Amino acid sequence: MIFFGVSIYGCRHCELPDAMLGRWTRKGNVGYFHMFRYPGTEAVVPMVASRVRSAELMGTKANLGVRMEYNGRMILSGLPPRPPHPSVNTIKVRFAEPPRIIPYKKMDQPAWLEGSL
């Protein structure tokens, strides 16, 4: 099993929401997204307020494409079609500041879900 201690040890809870795909940890301005469900070539992470500098799939040499949508969706592209590991795959995301969530009070949830926010 591939295990990335850097994404666990010395890390703390990340403010970003856990999603259907997985859970977050963080260390400073770096977030680690542990995917328990592999999405295929693209992953969508909701409600991200922080600016992303880069993303990489750990254990590979794959630098991922990152696109931030106006409604806080972070789209990670360039994932291999098949998961490198059958159980857990981790994406390392470098943010410009500690990762923050879009506050629920400022978000119109039905509009966010429809993509009209």
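Start with the aromatics: a search of the whole structure, which is a predicted model, turns up two aromatic pairs. Select W24 and F95 and zoom in on the rings. Their centres sit 6.3 Å apart with the planes at 50 degrees, so this pair counts as tilted. That angle falls between the 30 and 60 degrees used as cut-offs for stacked and edge-to-face.

Now colour by secondary structure and look at where the two rings come from. W24 belongs to strand β2, residues 22–27, while F95 belongs to strand β8, residues 89–95. The two are 71 residues apart, so this pair links distant parts of the chain.

Switch on a surface while you're here. Are these two rings buried or exposed? W24 is buried, at a relative accessible area of 4%, and F95 is buried too, at 2%. Both values fall under the 20% cut-off for buried.

Next, add F33 to the selection. W24, F33 and F95 make up one aromatic cluster, so keep all three displayed as sticks for a moment before moving on.

Time for charges. How many salt bridges does a search of the whole structure find? There are three.

Stay on strand β8 for one of them and select R94 together with E56. The closest N and O atoms in this salt bridge are 3.3 Å apart. Here again the partners come from distant parts of the chain: R94 is in strand β8 and E56 is in strand β5, residues 52–57, with their positions 38 residues apart. As for accessibility, R94 is partly exposed, with a relative accessible area of 33%, and E56 is also partly exposed, at 22%.

Jump to E69 and R67 for another salt bridge. If you draw a distance between the closest N and O atoms, look for 2.7 Å. E69 is partly exposed at 27% relative accessible area, and R67 is partly exposed at 44%.

Last stop: select R100 and E97. This salt bridge has its closest N and O atoms 3.4 Å apart. R100 comes out partly exposed, with a relative accessible area of 38%, and E97 is partly exposed as well, at 26%.

To finish, show both kinds of contact together. On strand β8 you'll have F95, paired with W24 of strand β2, and R94, bridged to E56 of strand β5. Put the surface back on and compare the two: F95 is buried, whereas R94 is partly exposed.

Definitions and conventions: Residues are numbered from 1 along each chain as its sequence is written. This is a predicted model: local features need pLDDT of at least 70, side-chain atom pairs count only at pLDDT 80 or more; totals for chains, interfaces and linings use all residues. Side-chain values use heavy atoms; hydrogens and water are left out. Rings of Phe, Tyr and Trp (its six-membered ring) pair if their centres lie within 6.5 Å; planes under 30 degrees apart count as stacked, over 60 as edge-to-face and the rest as tilted. Helices (H or I, at least four residues) and strands (E, at least two) are DSSP runs, numbered from the N terminus. Buried means under 20% relative accessible area, exposed over 50%, partly exposed in between (1.4 Å probe, protein chains only). A salt bridge is a side-chain nitrogen of Lys or Arg within 4 Å of a carboxyl oxygen of Asp or Glu.
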